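Trainee: I would like to work through this protein with you, beginning with its sheet and moving outward to the helices. Could we take it one question at a time?

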Amino acid sequence: MEMRDINFLIIGATKSATTWLQQSLQLDPRVHMPDPEIHYFSRYHDRGDQWYLENFKPAGEGLVIGEKSNSYLDTPAAPGRIHQSLPDVLLVAQLRNPVERAYSDYCMLHRRGEATADIERYLDPRRGAGGRFLEGGLYFQQLRRFLELFPRERVLVLFYEDLKRDAAGQVQDLRHFLGLDENPAFEPVAQRVKDKTKPLVDARLRQILRPLKPIVAPLRDTKGFEFLRSIISAEFKYVPLNKELASRMIGYYEDETDRLSGLLGRDLGDWLKTPLEDIKRQSV
């Protein structure tokens, strides 16, 4: 296999249901994609093309080959690296209301113990600008870097909101873009509901217990293990996104969203007036 055999990349955005897109494509035997995100053109470019290609083995003849790494969209160096190695590749971005996306990303890392309960430290533009959570929603800047190198017809931009309304139509648009539209009976994978209220062991305790993981691994799925886990677990309490913080975030994204609307020819005004109740319901 060579670099020129790679047909497409799903480049992001994080927390925008791109894994669902990937899983829907993988139902088709003509599509070959590695399961894990490789992050070659963003985080591991120094490992070289041969390391990258090894992630695709085995790949048969006549397949549509691609991969998904959400870090490509918001990594400034990624577009140039991709263009140098894959000048004819097809690019797929799926975007989501940036306020929802940032809050969902924060909740994920907070649950993992990688972000504290000080939500304004991460999401308030007066304190968190330049950080992962807010920067991840600057889609106009991110897409412009790709469109400066790739023709517009090679970049498909999808929206999380469209997926919520018509999941099958969303996947058919993607399949048509990839040249897979000759199977009208194809259906996408069922949308997976993540149980984010499931009891969780406290992050600090998980760190303490980490050295014991190899010892207790054989006991997983036993009644004794589940009983012990239930004793030390508790329902995770997410920090709510209050109205004032949401308003500041909407203001932060206003100019960026207007420019993105012009770039894509789509009215994105709803992103700037999403009720707080919807953000709470959809993002956590």
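Mentor: Let us begin inside the sheet, where strand 1 and strand 4 run parallel and are joined by 4 bridges. Please keep in mind throughout that this is a predicted model.

Trainee: Which residue of strand 4 stands opposite leucine 9?

Mentor: Strand 1 covers residues 8–12, and strand 4 covers residues 90–95. Since the two strands are parallel and joined by bridges, one can look across from leucine 9 into strand 4, and the residue found opposite is leucine 91.

Trainee: What is the bridge partner of leucine 91 in strand 5?

Mentor: Strand 4 also pairs with strand 5, in the parallel sense and over 5 bridges. Along this pairing valine 92 stands opposite leucine 156, while the bridge partner of leucine 91 in strand 5 is valine 155.

Trainee: What is the order of the strands in the open sheet?

Mentor: Strand 1 pairs with strand 4, and strand 4 pairs with strand 5. Strand 1 also pairs in the parallel sense with strand 3 (residues 64–68), over 3 bridges, and there phenylalanine 8 has glycine 66 as its bridge partner. With strand 2 included, the open sheet has 5 strands with parallel pairing, in the order 2-3-1-4-5.

Trainee: Which strands stand at the edges of the sheet?

Mentor: An edge strand here has a single partner strand, so one of its sides is left without a neighbour in the sheet. That description applies to strand 2 (31–32) and strand 5 (155–159).

Trainee: How many residues of strand 5 are buried?

Mentor: Val155, Val157 and Phe159 point one way from strand 5, whereas Leu156 and Leu158 point the other way, and all are buried. The strand is therefore largely enclosed by the rest of the structure, with a buried count of 5 of the 5 residues.

Trainee: Which residues of strand 4 are buried on each of its faces?

Mentor: Strand 4 is largely enclosed by the rest of the structure, because 6 of its 6 residues are buried. Both faces are covered, with Leu90, Val92 and Gln94 on one side and Leu91, Ala93 and Leu95 on the other.

Trainee: At about what angle to strand 5 does helix 10 run?

Mentor: Helix 1 (residues 18–26) lies across strands 1 to 5 and runs at about 155 degrees to strand 1. Helix 10 (residues 167–177) lies across strand 4 and strand 5, and its angle to strand 5 is about 175 degrees.

Trainee: Within what arc do the buried residues of helix 3 fall?

Mentor: In helix 3 (residues 78–85), the buried residues are Ala78, Pro79 and Ile82. Seen down the helix axis, they line one face of helix 3, because they fall within an arc of 95 degrees. What covers them includes strand 1, strand 4 and helix 8, and the arc asked for is 95 degrees.

Trainee: Is helix 4 parallel or oblique to helix 14?

Mentor: The axes of helix 4 (residues 98–112) and helix 14 (243–264) come within 9 Å and cross at roughly 130 degrees. The contact is made by Pro98, Val99 and Ala102 of helix 4 and Met249, Ile250, Tyr253 and Thr257 of helix 14; by class it has 6 nonpolar, 1 polar and no charged residues. From the crossing angle, helix 4 is therefore oblique to helix 14.

Technical notes. Residues are numbered from 1 along each chain as its sequence is written. This is a predicted model: local features need pLDDT of at least 70, side-chain atom pairs count only at pLDDT 80 or more; totals for chains, interfaces and linings use all residues. Side-chain values use heavy atoms; hydrogens and water are left out. Two strands pair if DSSP finds at least two bridges between them. Contact means heavy atoms within 4.5 Å. Axes are lines fitted to C-alpha atoms, for helices over the stretch in contact, and angles run from 0 to 180 degrees between N-to-C directions. Buried means under 20% relative accessible area, exposed over 50%, partly exposed in between (1.4 Å probe, protein chains only). The arc is that of the directions from the helix axis to the C-beta atoms. Angles under 35 degrees count as roughly parallel, over 145 as roughly antiparallel, 65 to 115 as roughly perpendicular and the rest as oblique. Ala, Val, Leu, Ile, Met, Phe, Trp, Tyr, Cys and Pro count as nonpolar, Asp, Glu, Lys and Arg as charged, and the others, Gly among them, as polar.
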